[in-house]
Amino acid sequence: MAEQLRVLVAEDEMIVGHDLCDTVSEAGYIVEGPFEDMSSAMLAFQKHKPDLAILDVQLGDGIVYPLAEQMMAENVPVIFHSGQLTPGEVAVRYPAAQSLSKPCPPADVIASVQSALEKH
C-alpha cells in the first residue's frame, strides 16, 4: 500500500478551514491544520515537511507569500486559496502555482491537489 501523502492547510476562517481539511481527509490524504496564521503553519512545516500545501493568501498575521516562497524553495507544491485575489492575480506572482477562488467546490479542491501532486 502506498504511503499516504501529507497536506498542510493554512486558513484563518474557521469554517472554511475545517471544510477544506475534511475534503482533503475524505480524499485519503493526511491533513495538518487548519492553521490560522503563518507562525503556526511555519512551525508545522518545519516540524514535518508536507507533500503539498493549501494556503489562504491572507492569514491572521499577514500575507502568506513568505511561507509559500519557503515551501516552493523546498519543492513543496502550493495551492493558493483566496477570497480577495483572483487566480489570475496570484498567477502573475507565482505562475507555477495553482490557485482557487473561495468558495471552491470540494471536487475542484481535490482535482487541484491531484494535479499539483502529479506535476510534482
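The following dialogue explains how several descriptions of this predicted model are reached.

Reader: What makes the protein chain as compact as a globular protein of that length?

Author: The value to examine is the radius of gyration, which is 13 Å for the protein chain. The globule rule gives 14 Å for 120 residues, and the two values are close, so the chain is as compact as a globular protein of that length. Along its principal axes, the C-alpha trace spans about 40 × 30 × 30 Å.

Reader: Which elements make up the chain, and in what order do they run?

Author: The chain has five helices and seven strands. Starting at the N terminus, their order is β-α-β-α-β-β-β-α-β-α-β-α. Among contacts with a separation of 6 or more, 61% are between residues 24 or more positions apart.

Reader: Why is H81 called buried?

Author: Buried means under 20% relative accessible area. H81 has 3% relative accessibility, and therefore it counts as buried. This residue lies in strand β6, which covers residues 78–82. Leaving out residues up to four places away in sequence, H81 touches several others, including V16, L20, I54 and K102.

Reader: How do you know that the side chains of H81 and E11 make a polar contact?

Author: A polar contact requires N or O atoms within 3.5 Å, one able to donate a hydrogen and the other to accept it. The side chains of H81 and E11 make such a contact, at 3.5 Å.

Reader: What is the accessibility of S82, and is this residue buried or exposed?

Author: S82 has a relative accessible area of 1%, which is under the 20% limit, so S82 is buried. Like H81, it belongs to strand β6. The side chain of S82 reaches the backbone nitrogen of Q84 at 3.0 Å. A polar atom of that side chain also lies 2.9 Å from the backbone nitrogen of L85. Beyond four places in sequence, S82 touches D56, V57, L100, S101 and K102.

Reader: Why is N75 called exposed, while S39 is called partly exposed?

Author: Exposed means over 50% relative accessible area, and partly exposed means between 20% and 50%. N75 has 54% and is therefore exposed, whereas S39 has 48% and so counts as partly exposed. N75 is found in the loop between α3 and β6, and S39 lies in helix α2. N75 also has a positive phi of about 70°, although it is not a glycine.

Reader: What makes a group of residues a nonpolar core, and which residues have the most contacts inside the largest one?

Author: The members must be buried residues of certain nonpolar kinds, joined through side-chain atoms within 4.5 Å. The largest such core has 23 residues, and L8, L55, V64, L67, M71 and F80 have the most contacts inside it. Two or more residues come from each of β1, α2, β3, α3 and β6. The greatest share, five residues, comes from α2. Another core, of 15 residues, lies apart from it and includes Y29, L52, L100 and C104. In soluble globular proteins, nonpolar side chains tend to be buried together. Of the 120 residues of this chain, 45% count as buried.

Reader: Which residues does V64 contact beyond its neighbours in sequence?

Author: Leaving aside residues within four places, V64 is in contact with M38, L55, D56, V57, L59 and F80.

Reader: How do you know that C21 is too far from C104 for a bond?

Author: A disulfide requires two cysteine sulfur atoms within 2.5 Å. The sulfur of C21 is 14 Å from the closest cysteine sulfur, in C104, and is therefore too far for a bond. C104 is likewise in no disulfide, and the count comes to zero. C21 has 7% relative accessibility, so it counts as buried.

Reader: Where are the cis peptide bonds that involve P34 and P103?

Author: One cis peptide bond joins G33 and P34, with an omega of about 10°. P34 has its place in strand β2, residues 30–35. Another cis peptide bond joins K102 and P103, with an omega of about -10°. P103 is placed in the loop between β7 and α5.

Notes
Residues numbered from 1 in each chain as written. Predicted model: local features only at pLDDT ≥ 70, side-chain atom pairs only at ≥ 80, totals over all residues. Heavy atoms only, no water. Helix = DSSP H or I, 4+ residues; strand = E, 2+ residues; numbered from the N terminus. Buried < 20%, exposed > 50% of the residue type's maximum accessible area, 1.4 Å probe, protein only. Contact = heavy atoms within 4.5 Å. Rg over C-alpha atoms; globule rule 2.2 N^0.38 Å.
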